[in-house]
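Biologist: Let us go through this model and test the words we use for it. I will ask for the reason behind each one.

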Amino acid sequence: MTESLTIPHFGLSDEITMDSSSSFRSRLNARLAKAPSKDGVQRISYMPIMVKALSMALKSYPILNSCVVEGADGSPALAYRSAHNIGIAMDCPNGLIVPNVKNVQDKSILDIAAELQRLQEAGSIGKLAPADLQGGTITLSNIGTIGGTYTSPVLVKSEVCIGAVGQIQRVPRFALDVHGVEQVIPRQILTVSWSADHRVIDGATMAKFNALWKGYLEQPELMASELS
Ligand code: CAO
């Protein structure tokens with residue numbers, strides 16, 4: 001943590017409308033209740049959707065998956081990483097741990113759900129393997145399972161970006177109805193707070209990355225359309 005605080009942190013926060021992701025999750029969970037996935041997943045939380053969206057946004061902004069290393073002449077250099085090993089902050093009986101889901105770029109939402117389930121189960125009984133905790137390239141923290149709206153996540157030295165999401169809340173927002181008339185309607189709003197290493201990531205890059213990630217969550221069908 002002391003080393004982390006030597007990194008110049010840049011912060012950005014935003015709101016994401018989760019109504020479409022929520023209905024996508026409900027429909028998927030209704031199907032899984034009848035027919036579990038090949039790995040035995042019977043229900044998913046929001047995390048596998050958010051984690052997959054993160055990986056898809058990283059494809060357009062790989063610099064957010066990079067890290068600062070020592071170059072040949074001893075000066076700082078940037079190392080790009082092709083694997084999206086997404087760290088998940090977990091509140092476990094022995095405190096905070098951050099295992100990572102490896103190679104998210106090659107995993108489906110259901111694959112991610114199965115791996116998260118495994119990591120959560122292992123974490124809850126203190127049985128995570130060292131490999132589960134090593135090699136993370138970017139982190140997502142979900143404080144919303146406990147409560148809270150905004151937070152200021154702290155970077156680890158081996159990463160240049162971390163995101164933290166708050167609790168989804170049902171709140172009033174303006175929107176056009178089917179007749180094109182502006183109305184106040186209820187929306188499910190998720191907040192996200194990003195911290196990035198400002199030596200590497202500028203504000204515009206962070207904002208564009210966030211807009212892409214947010215777009216996938218607000219229109220999850222976009223994710224399906226871009227999967228290879
Ligand atoms: N807002 C509202 N509801 C949420 C939510 C959010 N942001 N995130 C999850 N939920 C819901 C889930 O959908 C689930 O509800 P249903 O049963 O109706 O589907 C319920 O909360 C419990 O979810 P879960 O236990 O399956 O958790 P998850 O996969 O969403 O998250 C984990 C797992 C590991 C991220 C979480 O348990 C955790 O430990 N969070 C704390 C992280 C933390 O400590 N961060 C701080 C780091 S800095 O010190």
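**The ligand shell and a loop residue**

Modeller: Strand 4 gives three residues to the shell around the ligand, the largest share. The model is a predicted one.

Biologist: Which elements give two or more residues to that shell?

Modeller: Strand 4 (86–92) and strand 7 (138–142) do. The shell holds 20 residues around the ligand, and R25, S45, D91, N142 and G166 come nearest.

Biologist: What makes the D91 pair a polar contact?

Modeller: The cut-off for a pair of N or O atoms is within 3.5 Å. A polar backbone atom of D91 is 2.8 Å from an oxygen atom of the ligand. So the D91 pair counts as a polar contact.

Biologist: What do G166 and I168 offer to the ligand?

Modeller: G166 places a backbone N or O atom 2.8 Å from a ligand nitrogen atom. I168 also has a backbone N or O atom 2.8 Å from a nitrogen atom of the ligand. The protein buries 67% of the 980 Å² that the ligand exposes when taken alone.

Biologist: How do the shell residues divide by type?

Modeller: Nine are nonpolar, eight polar and three charged.

Biologist: Now the loop between strand 6 (100–101) and helix 3 (109–124), where N103 is found. Why is N103 called partly exposed?

Modeller: Buried means under 20%, and exposed means over 50%. N103 has a relative accessible area of 31%. That lies in between, so N103 is partly exposed.

Biologist: What is notable about the phi of N103?

Modeller: Phi of N103 is near 50°, a positive value in a residue other than glycine. Most residues other than glycine have a negative phi.

How values were computed:
Residues numbered from 1 in each chain as written. Predicted model: local features only at pLDDT ≥ 70, side-chain atom pairs only at ≥ 80, totals over all residues. Heavy atoms only, no water. Helix = DSSP H or I, 4+ residues; strand = E, 2+ residues; numbered from the N terminus. Buried < 20%, exposed > 50% of the residue type's maximum accessible area, 1.4 Å probe, protein only. Near = heavy atom within 4 Å. Polar contact = N/O pair within 3.5 Å; in protein donor to acceptor, adjacent residues only side chain to side chain. Areas by Shrake-Rupley, 256 points an atom, 1.4 Å probe, with all protein chains shown as cover. Nonpolar A, V, L, I, M, F, W, Y, C, P; charged D, E, K, R; others polar.
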